[in-house]
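Trainee: I would like a close look at a single part of this structure. Please take me through it step by step.

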Amino acid sequence: MSGHGGEFSTIDDDDDIIGKAKEAADQLYRIRDTYFPRNPQDRISKLQLESDLALRLLDSIPLEKRRLSHQRSMFEYLRGKILDVFPDYNKEAEDHLSKAVKLNPSLADAWLCLGNCIWKKGDLTSAKNCFTLALSKGPNKNILCQLSMLERQMAQGSENQAEIVEESVQHAKEAIALDVKDGNSWYNLGNAYLTFFFATGAWDHNKLLQSLKAYQNAEKDKRMECNPDLYYNCAIVNRYLENYERALTGFEAAALKDPGLNAIDEVKKIVNLIDKLESALKGHTRAKRLASLASSLNSVTLSSSYRRATLDLLSEGRNKAVAVVGKVLVFVKHENAAPLHYIICDSSQTCFVLSVYGLRNDVIKEGDQITLLEPFYRGIDFSWDGKDYQFKAIRVDFIEQMLVNGKALSSSQSVRAAIHAQHKS
């Protein structure tokens with residue numbers, strides 16, 4: 001290693017060294033974003049090694065050359081950027097980046113790095129100021145993406161959460177407008193829509209579908225193949241939409257790209273859940289008591305705005321002006337807090353899976369009679385790991401879509417839905 005100093009000092013063209021140091025800094029960030037070994041400590045060690053080499057390269061510029069005004073701002077910027085590659089806040093990095101923007105206020109990249117550095121110490125307002133100043137130098141997709149990401153963090157716990165997240169979506173769209181093929185910008189928009197879905201009460205599935213579409217656009221960019229969070233977050237949305245096969249495929253891909261993620265655990269949880277649902281369905285379909293349970297449902301009266309239907313009459317998706325009446329046979333316990341899963345039997349003795357979001361787990365009990373208004377129906381049919389899964393399912397997203405023993409539910413019985421995207425939300 002010690003030979004490097006002598007090697008570099010023979011280079012007369014200091015601009016060339018600055019160019020090389022810039023390349024080394026870019027390479028350092030590529031490693032940060034694409035290298036995910038099984039042991040996370042190996043990643044930190046590799047970043048440490050590469051950053052030491054990059055700093056040594058910078059230090060080979062003679063002191064008198066570093067003092068030249070055009071060199072000095074670039075030198076300070078690169079030193080700060082190299083030091084700031086690690087996940088934790090670094091005071092020295094902030095000092096160098098602050099010097100860089102003082103020496104050359106038009107250096108947008110330095111403002112971007114300074115914003116990221118300050119963000120790590122939790123000063124979100126100052127970080128936002130840096131990004132806004134960086135943007136004032138001209139439109140830039142990377143700065144817009146960082147601003148969008150920062151706004152999502154600023155929205156957490158804020159009174160006007162939905163408003164701030166809407167700004168985040170807007171900035172994410174502006175980044176895409178600058179380069180419609182950039183996978184990172186699409187990935188950022190996917191995260192923005194996912195956050196927006198929950199910030200606005202988790203009722204507008206269009207936001208989830210827009211999130212999914214953005215992730216799929218991100219996947220078209222070859223450079224995104226090494227981003228495990230893209231596959232993980234996409235799988236989160238698919239799991240929420242009960243696209244089980246796509247969710248499993250996504251979590252598996254994320255686990256291969258970054259073994260440090262808990263993605264394999266997510267695969268196990270889904271498989272465990274669908275195995276439980278299937279065996280609970282099989283166990284109850286043969287039950288002798290089904291006939292008597294089913295016949296008792298015929299006497300349930302419905303509001304005149306709904307037409308009574310059984311499962312075999314439903315079409316995929318939302319069934320408007322239709323109601324399905326069923327009996328709760330069993331509550332299927334599993335590892336995820338949401339949704340709650342029940343096995344239900346309708347008046348034609350058809351058993352199906354009911355998944356309920358945003359409800360406390362003590363509200364529906366076995367034996368309860370459930371009326372599903374405008375039910376959202378899906379036929380689940382896929383294979384995984386050599387096993388076929390096939391069952392009928394209805395999902396309920398809001399308590400207004402359901403009556404329990406003929407009564408409407410109150411808001412005190414609901415819980416707020418929340419799911420978490422991986423890392424950079």
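Mentor: What follows is a walk through one pair of helices and a loop residue that touches both.

This is a predicted model. Start with helix α13, residues 228-240, and helix α14, residues 244-257, whose axes come within 8 Å and cross at roughly 160°. An angle over 145 degrees counts as roughly antiparallel, so α13 is roughly antiparallel to α14. The crossing of α13 past α14 is left-handed.

Now the residues where they meet. On the α13 side these are Pro228, Tyr231, Tyr232, Ala235, Ile236, Asn238 and Arg239. On the α14 side they are Arg246, Ala247, Gly250, Phe251, Ala253, Ala254 and Lys257. Sorted by class, this contact has nine nonpolar, two polar and three charged residues.

Next, look at phenylalanine 36, which sits in the loop between α2 (14-34) and α3 (40-59). Leaving aside neighbours within four places in sequence, phenylalanine 36 is in contact with Arg43, Cys226, Pro228, Lys257, Asp258 and Pro259. Two of these names have come up already: Pro228 in α13 and Lys257 in α14 are among the residues where the two helices meet.

Is phenylalanine 36 buried or exposed? Its relative accessibility is 18%. Buried means under 20%, so phenylalanine 36 counts as buried.

For a sense of distance, take alanine 202: phenylalanine 36 is 166 residues from alanine 202 in sequence, and their C-alpha atoms are 32 Å apart in space.

Terms used:
Residues numbered from 1 in each chain as written. Predicted model: local features only at pLDDT ≥ 70, side-chain atom pairs only at ≥ 80, totals over all residues. Heavy atoms only, no water. Axes fitted to C-alpha atoms, helices over the stretch in contact; angles between N-to-C directions. Helix = DSSP H or I, 4+ residues; strand = E, 2+ residues; numbered from the N terminus. Parallel < 35°, antiparallel > 145°, perpendicular 65-115°, else oblique. Left-handed = near helix turned anticlockwise from the far one by under 90°. Contact = heavy atoms within 4.5 Å. Nonpolar A, V, L, I, M, F, W, Y, C, P; charged D, E, K, R; others polar. Buried < 20%, exposed > 50% of the residue type's maximum accessible area, 1.4 Å probe, protein only.
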